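Grab a pencil and work through these short exercises with the model open beside you. Try each task before you read its solution.

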Amino acid sequence: MTLASPVSTVENAAAVLETMSAGISDNTRRVYGNALRKVERHYAACSWVLYPESEDGGLDERRFIEQVLSYLQALSDAGRTYSTLNLHLSAIKYRCGFENQRALGALATKPVTTFMEGVARHGARTHSPRQAQSLSVEQLKAVYRTFDTSTPRGRRDLALVSFGLATAMRSQSLADLTLSDVSPAVTIDGLTVRVRYSKTDQRGKGTLIPVGRASKKRLDPVSALTSWLEVLAAYGYTKEVTPEFPLFPVIRGARGIQPTPMKHPNLVVTELLRKALVEAEVCSAAEASAFSSHSLRASFITLSNLAGVPERDIAAITGHKSMAILRGYDRTSVERSAQTAYLG
C-alpha cells in the first residue's frame, strides 16, 4: 500500500511519512493493506477513483460517499459481518487521513454513520458470532500428549500452546516475543515475560507477565518453554548471543529452524490446536472448528475462575480493564446458574 505524503514539499517527507505510519502496529498495517487492496480491485472493476472530482476540481463528496457505501453494501450482500465492514471503513479512513482530509471528514457524516448503525442492527438479528471454545484440564492433557517432543517442532509446538495458555497472550503477541523477552522470575519459581506491544498497548509501554510452575510436569509451561530453549541453544540461539531471535520461530522441513517469527500466528495456532484435538480424539474435525487460537486465552480465564483465582489477579495477566468483558471470556459463568429446584 502506497500512501501520499501530506508534507511532500519538504526534504524529509519520506521520514515524516514513515514516522506517521509507525502510529499503528505492523499487524494493523498489514490488515489495512489487505483491505485497501480489495477496495482498489473493487473500484477498478467499477471504473471508479477513490477521490472523484467535482466540476471545480475539488472532491465530489457526494459521489465519494456513494462509492464508499456501495462498496460496503457489496461486502454486506456477500455475507460479511459488521466487524469486517468496519475494518474496511477504518482502512479507508486511515488512507484518507494521509491523503485527503476532506474525504476523511466526509466519512464522519450522517450518511456513513447511519449506514453503519443499520449494518450493526441487521447483523445483530442475522449473525450470532461464536465464541472460541475453552479447554478443560483433561483436554489439555490429551492435546499435550500429541506433541512429539523428540523433535524440535514438537517441542516448539508444546511450548507455544502451553505458554500461550499460561500468559493468556494473543497469538500476535506470542509471535512478537524474542529470546530477550524471557527472564527467570525473582520471587516465584518460574519466569517473567516482557510483552512490548499488544492490542491494548499500541504505544509499547510494555508489561511483564509472570509464569509460575505447575505442580504436574505434563502441564507445566515453564518446563515446556525451558525444554524448547534448550533446543534453540543447541542450534546456537541464546538470549546472550542472539537476543532478538524469535522465541517461536518458523520451522520448515529439512531447512529446520528459521530466523523469522511466525507469519499469520492466529492461523498457525488455530490449525495447530485443532489438529491436536482431532489427533487426541478429543473431538471430530467438525467439532474442532469451535476452537481457535483465542481458546488459549478463554481457557486461562475459565480455568482460573474455576480454581477460585480472584478476578483482579486474572485481569493482571490478561490486561482487561473491564471486569464485565473479562467475565465474558469465562465459558462456565452461564452454567453456574443451572438448578432444578423448581422441579421439586
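**Exercise 1.** Sort cysteine 46 and cysteine 96 into buried, partly exposed or exposed.

*Solution.* Start with cysteine 46: its relative accessibility is 32%, so it goes down as partly exposed. Here buried means under 20% relative accessible area, exposed over 50%, and partly exposed in between (1.4 Å probe, protein chains only). Next, cysteine 96 sits at 0%, so it is buried. Finally, look for disulfides (a pair of cysteine sulfur atoms within 2.5 Å): the count is 0.

A quick note before you go on: this is a predicted model, where local features need pLDDT of at least 70, side-chain atom pairs count only at pLDDT 80 or more, and totals for chains, interfaces and linings use all residues. Residues are numbered from 1 along each chain as its sequence is written, and side-chain values use heavy atoms, leaving out hydrogens and water.

**Exercise 2.** Check the span of helix α10 and find what its buried residues pack against.

*Solution.* Helices (H or I, at least four residues) and strands (E, at least two) are DSSP runs, numbered from the N terminus.
- Step 1: α10 covers residues 221-234, which is 14 residues.
- Step 2: the expected span is 1.5 Å times one less than the number of residues. That gives 20 Å, and the first-to-last C-alpha reach of α10 is close to it at 20 Å.
- Step 3: the buried residues of α10 include Pro221, Leu225, Trp228 and Leu232.
- Step 4: by contact (heavy atoms within 4.5 Å), the buried residues pack against α8, β1, β2, β3, β4 and β5.
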